[in-house]
Amino acid sequence: MCTLEKRGNIFFLTLTGAGDKDDDEHRLGLPVISSLLSSLADVASQSTRGSVLITTARGKFFSNGFDLAWAQSAGPSSAHHRLGQMVVAFKPVVAALLSLPMPTIAALPGHAAAAGLLLALSHDYVTMRGDRGVLYMSEVDLGLPLPDYFAAAFRAKIGSNSARRNILLRGMKVRGEEAVRMGIVESAHESAEAAVEAAVQMAEKLGERKWKGDVYAEIRMSLYPELCAVLGLAKVVPSAKL
Amino acid sequence: MCTLEKRGNIFFLTLTGAGDKDDDEHRLGLPVISSLLSSLADVASQSTRGSVLITTARGKFFSNGFDLAWAQSAGPSSARHRLGQMVVASKPVVAAFLSLPMPTIAALPGLLLALGHDYVTMRGDRGVLYMSEVDLGLPLPDYFAAAFRAKIGSNSARKNVLLRGEEAVRMGIVESAHESAEVAVQMAEKLGERKWKGDVYAEIRMSLYPELCAVLGLAKVVPTAKL
C-alpha cells in the first residue's frame with residue numbers, strides 16, 4: 001500500500017509493500033492505485049504555500065508497473081479485462097499528480113518500469129540512484145501497446161525524439177547517469193538514501209519560494225495541454241491576481 | 001528503381017538507380033515512388049517477430065529528393081502540377097514507413113525518406129542532410145513539415161537545413177556517423193534479437209507521432225493489450 005506523512009512543509013508519500021521485504025516490486029494493483037488516489041486527495045486538501053510532495057518507495061524498487069500477475073491469475077480471457085481495469089484506474093492518479101497544487105518530486109530507490117516509470121515522470125522532478133536501478137518501458141518487449149495517456153505523458157515529458165524512441169521503441173534500460181544526460185531526471189546518487197536526501201534538499205529550496213499552489217498547478221498544466229486534454233483535466237482559465 | 005532482398009531476418013531495400021553510375025542522385029520520380037510503395041507492402045506482408053528493415057542506396061547519394069528535372073521538363077506551367085503529383089504520391093510512402101510492423105533503419109540519408117525511419121546512420125566523412133526547399137523557394141508540403149516537427153525536436157535543428165555527419169549525431173537526428181554501412185546491419189541484428197511483435201511495435205511507434213499520423217491519414221488504432 002502507501003503511507004502519507006508530513007514533516008514540516010514536506011509530504012512524504014511512500015509505497016510500502018507487504019511486510020518487511022525490501023524486494024517488493026510495488027506493483028500497481030487496484031488496491032494500491034486506490035490508496036495512491038486517496039492519499040493524493042489528502043495531500044491536495046492539506047496544501048498550503050510552501051508545500052512540496054516527495055514520492056518514494058521502501059526497498060530496492062520504486063515500482064515495476066501494473067500487477068500483471070493478478071491480471072493473468074484469472075486465466076487468459078480475463079487477463080485483458082483486468083489489465084484494462086488497472087489502466088483505467090491509474091489514469092486519475094496521473095491526473096491528480098498533474099493537477100497537484102504544489103511542487104512534486106519522485107525519489108527513486110531503484111527500478112521504475114512501465115506504469116511505475118509513468119508514476120515517476122508524472123512528478124515535476126525525479127532523483128534516482130546512479131549505482132543501481134534502471135528506468136525501463138517494458139511494453140515493447142512484452143508486446144503491449146501503450147494506453148493513450150501513457151504515450152501522451154511521454155510525448156509531454158520527454159522532449160527529445162531520440163530519447164522517446166530509445167525508451168519506448170527500443171525498450172532501453174536507462175541507468176541514472178544516462179537518465180540525467182537525457183534530461184529525464186535531475187540527478188543520480190550513490191544510494192537510495194542519497195537520492196531521497198537530494199529530494200528533501202530540493203523540496204526545502206522549492207518550499208522557501210512559498211508559491212501559491214493553485215497558480216503553480218495552473219502553470220504546470222499549461223505546460224502540458226495535450227496531456228491534460230487526454231487526462232480529462234479541464235482547461236483552467238488563468239486568473240492573474242496582482 | 002529499388003530492389004528488395006532478405007538476409008536472415010533483415011530486409012534490405014536498396015535504391016538502385018539507372019545503370020552502374022555511382023553518382024545517381026536517386027531522385028524520387030513517380031516510378032521510383034511507386035516501386036518503393038509496393039516494396040514496402042511486400043515487406044509488411046512478410047514481417048515476422050525479429051524482422052528489421054534497412055533502407056539504403058547504391059552509390060554516393062541516398063536521395064536528393066523529388067525529380068525536379070522531370071517536373072520542369074514539360075515547361076513552367078506543368079512544373080507545379082508535376083511536383084504536386086510527386087508530393088501526393090510520396091505521402092503513402094511515408095505513411096507506410098510510419099506504420100511498418102518492424103524497426104526501420106535508414107543507412108545514408110535523403111532527408112525526408114530517412115526521417116521516416118526509426119534510426120538513421122550516415123557516413124561521417126561524406127554525406128550531408130540537406131533540405132533544399134528553402135534554397136529552391138519551394139514551400140513544404142503538410143506532411144514534410146509535420147514529419148520535421150515530429151522527428152526533429154530542436155527548433156534550431158529544424159532551422160538548420162544543412163547538416164554534416166557529426167553535427168547530425170550531436171543533434172540527435174542520426175545514430176552514428178561511420179565509415180561504412182555495416183553499422184546499420186549490426187544495429188539491425190541487435191534489434192532483431194528482441195523479437196518484438198511487429199503490430200505492437202508499429203502501434204507504439206505511431207503513438208509517438210500522433211500529429212504526423214493524422215496528417216498522413218493513418219487511422220488511430222485502439223490499443224489492445226494481449227497478456
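## What buried means here

A residue counts as buried when its relative accessible area is under 20%. With that in hand, let us look at the aromatic rings of this predicted model.

Phe66(A) has a relative accessibility of 8%, so this residue is buried. Phe150(A) is buried as well, with a relative accessible area of 1%.

## A pair that links distant parts

Over all chains, the structure holds five aromatic pairs. One of them joins Phe66(A) and Phe150(A): the ring centres are 6.0 Å apart and the planes meet at 50°, a tilted arrangement.

Where do the two partners, Phe66(A) and Phe150(A), lie in chain A? Phe66(A) belongs to the loop between strand E4 (61-63) and helix H2 (68-72), while Phe150(A) is part of helix H6 (residues 148-157). The pair therefore ties together parts that are 84 residues apart in sequence.

## A neighbour and a cluster

Phe150(A) also pairs with Tyr149(A). Here the centres are 5.1 Å apart and the planes stand at 65°; because edge-to-face pairs have planes over 60 degrees apart, this pair is edge-to-face. Both Tyr149(A) and Phe150(A) are buried.

Stepping back, Phe66(A), Tyr149(A) and Phe150(A) join Phe90(A) in one aromatic cluster.

## Charges over rings

Aromatic rings have charged partners here too. In chain A, Arg7(A) lies over the face of Phe12(A), at 3.8 Å from the ring centre.

Now turn to chain B: which residue has its charged end over the ring of Phe12(B)? That residue is Arg7(B), whose charged end sits 3.8 Å from the centre of the ring.

How values were computed
Residues numbered from 1 in each chain as written. Chains lettered and ligands numbered in written order. Predicted model: local features only at pLDDT ≥ 70, side-chain atom pairs only at ≥ 80, totals over all residues. Heavy atoms only, no water. Phe/Tyr/Trp six-rings, centres within 6.5 Å; stacked < 30°, edge-to-face > 60°. Helix = DSSP H or I, 4+ residues; strand = E, 2+ residues; numbered from the N terminus. Buried < 20%, exposed > 50% of the residue type's maximum accessible area, 1.4 Å probe, protein only. Lys NZ or Arg CZ within 6 Å of the ring centre and 35° of its normal.
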